[in-house]
Amino acid sequence: MVSISEGVLLEQFFLVVGLIGIQVVLAVYGVLIFKLIASGLSLFVLIVYGSSVSAVILAPLAVFCERSKWPRSFSPSLLAQLLFISFGGVTVFQSLMLLGIRNTSPAIASAMPNLGPGIIFTIAWIFGFEKVNLRCAYSRVKIMGTIVCLGGALMMSFLQRSPLAHSLSPHQNRLLGCVYLIAGVVLFACVMILQTAALKELPAPVTMCALTSLIGALLTALVQLLLEGKLEFKSELLPLGTLIFYALAGGAVNSLCVVFQTWAVKKRGPVLVSMFSPIGTVCSIIISAMTLGERVALGSLFGMCFMFMGLYFVLWAKNKEDYFPEDPDKEEPLLC
C-alpha cells in the first residue's frame, strides 16, 4: 500500500519530470521544424497537417473526459470566439512563429514565448481585465518584470549572430524574424485573453483545443487557396509518407503537451507550469549546437537571462497575489 504522503510525492515527481520532458521534446521538435522550413517546405502544409492531426488525437480525449462539460448549444458569441481563436491562434500565430524560426534559430524562437506572461499582463491591463494599483508592490514588480523581459528580448534580437544558421537558410533576415516572433507572442497573448473568456462558456480546454485546431486547419487551407490559388497537401522536397510521418509526430507532440499541461495547471496552477518554459530554451541551445552547429552570441545569452529574470518577476508577483486574495490588486487569472 502507498501512503497518502508517498502518493503526493510520487505525483509531484511525475509532474516535474513530465514538465521537464515536455520542454526537451519541444526543443527537439523545434530543431526538426527549423530543418524542414529552412529546406523550403511550405508553412501552410505544416500548419494544415499538424493542426489536423492534433484535432484527430484530441477529439477522443475531449469526448471521453469533457463531454459532461459541453454546453447544450453553442451561442453565436461562443462560435465567433472560437472562429477568432482558431484564425488567430492557429493560422496567423503558427505562420508568424514558423516565419520567425526560419529567419532566426530554434534557440531564439524557443526563448520568445517567455514574453507571454508579461505581454498578457500588459494587454489585460490596457483593456481593464487586470487592475493595477501602483501602490501595491506586486503590481510594481509585474510592471518591472515586463519591462526587463522586453528589454532582454530586444537585446537578444540585436546581438545574436548566427552565420551557420544563415547558411542553412540563405534568405534569412534575423531582425525580421525577431519581429515575426514578437508579433506572434503578442497575438498569442490576445488569443489567450479571448480564450479565457470563451472557457467560461465552454469550460473544457481539451475540447476547445480540438475544435480550434480543426477550424484552424480549415482556415489555413482557405488562406493558402486565396494567396496561392491552389491547395497543396504534398511537398516536392519530401515523399508523402515522410510528410505524413512528420505531421503525425508533430500532432502527437502538440497533443501530449496540451493534455499534460492542462492536467498540470489543474494540479498546481499556471505559474508553476510557466516556470519550466526557460528549460526548453536551454535544451534548444544545446540541441542546436549539437545538430546544427548553432552558436549563441554572448550578448544574446545576456538578453535571454534578462528575459528569464523578467518572466520570473511577473510569475512571482502573480503567485503572491494568489496567496493574498484580499489584496486590492487581485484579479481573475489570465496566465492559464
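**Exercise 1. Is W316 buried, partly exposed or exposed, at 42% relative accessibility?**

Solution. This is a predicted model, so keep that in mind throughout.
- Step one: recall the cut-offs, with buried under 20%, exposed over 50% and partly exposed in between.
- Step two: W316 sits at 42%, so it counts as partly exposed.
- Step three: try Y138 the same way. Its relative accessibility is 14%, so Y138 counts as buried.

**Exercise 2. Work out which kind of aromatic pair Y138 and W316 form, and where the two residues sit.**

Solution. Start with the count, then go to the geometry.
- There are three aromatic pairs in the structure.
- For Y138 and W316, the ring centres are 5.9 Å apart and the planes make an angle of 70°.
- Ring centres have to lie within 6.5 Å for a pair, and planes over 60 degrees apart count as edge-to-face. The Y138–W316 pair is therefore edge-to-face.
- Now place the partners: Y138 belongs to helix α6 (residues 137–159) and W316 to helix α13 (residues 298–323). With their positions 178 residues apart, the pair links distant parts of the chain.

**Exercise 3. Describe the chain as a whole: its elements, its burial and its surface.**

Solution.
- Elements: count 13 helices and zero strands. Read from the N terminus, the order is simply α-α-α-α-α-α-α-α-α-α-α-α-α.
- Burial: of the 336 residues in the chain, 47% are buried.
- Surface: about 16700 Å² is exposed, and 73% of that comes from carbon and sulfur atoms.
- Contacts: take those between residues at least 6 apart in sequence, and 84% of them join residues at least 24 apart.

**Exercise 4. Find what C209 and I215 of helix α9 touch elsewhere in the chain.**

Solution. Take the two residues in turn, leaving out neighbours up to four places away in sequence.
- C209 lies in helix α9. Its relative accessible area is 18%, so C209 is buried.
- The contacts of C209 are with L58 and V258. Its C-alpha is also 8.9 Å from that of A59, although the two residues are 150 apart along the chain.
- I215 is in α9 too, which spans residues 205–228. I215 has a relative accessible area of 26%, so it is partly exposed.
- The contacts of I215 are with L83 and S86. From I215 to I85 the C-alpha distance is 9.3 Å, for a sequence separation of 130 residues.

**Exercise 5. Which residues form the nonpolar surface patch that includes L231, and where is L231 found?**

Solution.
- The patch consists of L222, L225, L226, L227 and L231, with about 500 Å² of accessible area together.
- L231 is in the loop between α9 and α10 (240–268). At a relative accessible area of 41%, L231 is partly exposed.

**Exercise 6. How many residues of helix α5 are buried, and which ones?**

Solution.
- Helix α5 covers residues 116–126, and eight of its eleven residues are buried, so call it mostly covered.
- The buried ones are G116, P117, G118, I119, I120, F121, I123 and A124.
- Step just past the helix and you meet G128, with a positive phi of about 85°.

**Exercise 7. Which stretch has a pLDDT below 50?**

Solution.
- Begin with the overall figures: the chain has a mean pLDDT of 79, with 85% of residues at 70 or more.
- The stretch to flag is residues 326–336, where pLDDT is below 50. Beyond near neighbours in sequence, this stretch still has 35 contacts in the model.

Key:
Residues numbered from 1 in each chain as written. Predicted model: local features only at pLDDT ≥ 70, side-chain atom pairs only at ≥ 80, totals over all residues. Heavy atoms only, no water. Phe/Tyr/Trp six-rings, centres within 6.5 Å; stacked < 30°, edge-to-face > 60°. Buried < 20%, exposed > 50% of the residue type's maximum accessible area, 1.4 Å probe, protein only. pLDDT = per-residue confidence, 0-100. Contact = heavy atoms within 4.5 Å. Patch = residues over 30% accessible without salt bridge, like charges linked within 9 Å, V, L, I, M, F, W, Y side chains within 5 Å. Areas by Shrake-Rupley, 256 points an atom, 1.4 Å probe, with all protein chains shown as cover. Salt bridge = Lys/Arg side-chain N within 4 Å of Asp/Glu carboxyl O.
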